[in-house]
Amino acid sequence: MLEGIIRDSMTKQATKTLRREGYLIANIYGKGLENISAAFKRNEFIKFLRNKETLAFDVNLSGNVLKVVVQEYQKCPLTSELLHVDLMVAQAGVKTSYKIPVKTTGIAKGLKNKGLLMIHTKRVPVKCTIENLPNNITLDVTNLDTGDNILIRDLTLPENIDCFLDPRVPVVGVIKAK
């Protein structure tokens, strides 16, 4: 479980001080809940996210345990250092928007024909309840040749999951290398 602190002051100076001390600024929100301004130790947060098994994970804020999902994050454009993260509380039975990561398996046969495998959509936005949320979308790319794509309409999503992207949007494809 990830440990964090609730921020008392929202001033620019307090935020700068927390960042200097190695904290990552976070906003936690949810449907019908009051927003919580929090901070996590940056290194602990990154290690925890790399090792987590599911999309939703637990955080402990001064004794209050919440199940959250990463919605958005901001990085410094120069150093690529993580600056800010938005966490949404995953409430049971409430349909909300999530972004499911795309993973590929196999080696595309188009790679032998001087092609490059491109993942066009790294995270697919869906709307569902937390109980029905898959951890990832796994696509088999072994049959993709140069110029072939897997589109949103080709994905097989479970019953209770709705994807609102245009069905013609490519998810994975093999392009011809120049």
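Visitor: Which strands make up the closed barrel, and what is their order?

Guide: In this predicted model, six strands close into a barrel in the order β1-β3-β2-β6-β5-β4, and the pairing is mixed. On average, neighbouring strands of that sheet are turned by 45° against each other, ignoring direction.

Visitor: How do I read the pairing, say where β1 runs parallel to β4?

Guide: The general idea: strands of a sheet pair through backbone hydrogen bonds, either parallel or antiparallel. Here, β1 (residues 2-6) and β4 (residues 57-61) run parallel and are joined by three bridges. To find your place, look at E3, which stands opposite N60 in β4.

Visitor: And which strands does helix α1 touch?

Guide: Helix α1 (residues 12-20) packs on the sheet, with contacts to β1, β2, β3 and β6, and its direction makes about 125° with that of β2. Helix α2 (residues 42-51) packs on the sheet too, touching β1, β2, β3, β4, β5 and β6; its direction is at about 85° to that of β3.

Visitor: What does UniProt place at residues 97-177?

Guide: An unreviewed UniProt entry puts "domain: Large ribosomal subunit protein bL25 beta" there. Over residues 97-177 the chain is 44% strand and 0% helix, with the end C-alpha atoms 35 Å apart.

Visitor: Take β9, then. Which of its side chains are buried?

Guide: They alternate along residues 123-128: V124, V126 and C128 point to one face and are buried, whereas R123, P125 and K127 point to the other and are not.

Visitor: Which strands does β9 pair with?

Guide: β7 (residues 96-105) pairs antiparallel with β9 over six bridges, with K99 partnered by P125. β12 (residues 162-163) also runs antiparallel to β9, joined by two bridges, and there V126 stands opposite C163.

Conventions:
Residues numbered from 1 in each chain as written. Predicted model: local features only at pLDDT ≥ 70, side-chain atom pairs only at ≥ 80, totals over all residues. Heavy atoms only, no water. UniProt positions renumbered as here; feature names shortened; annotations may be inferred. Helix = DSSP H or I, 4+ residues; strand = E, 2+ residues; numbered from the N terminus. Buried < 20%, exposed > 50% of the residue type's maximum accessible area, 1.4 Å probe, protein only. Pairing = 2+ DSSP bridges. Axes fitted to C-alpha atoms, helices over the stretch in contact; angles between N-to-C directions. Contact = heavy atoms within 4.5 Å.
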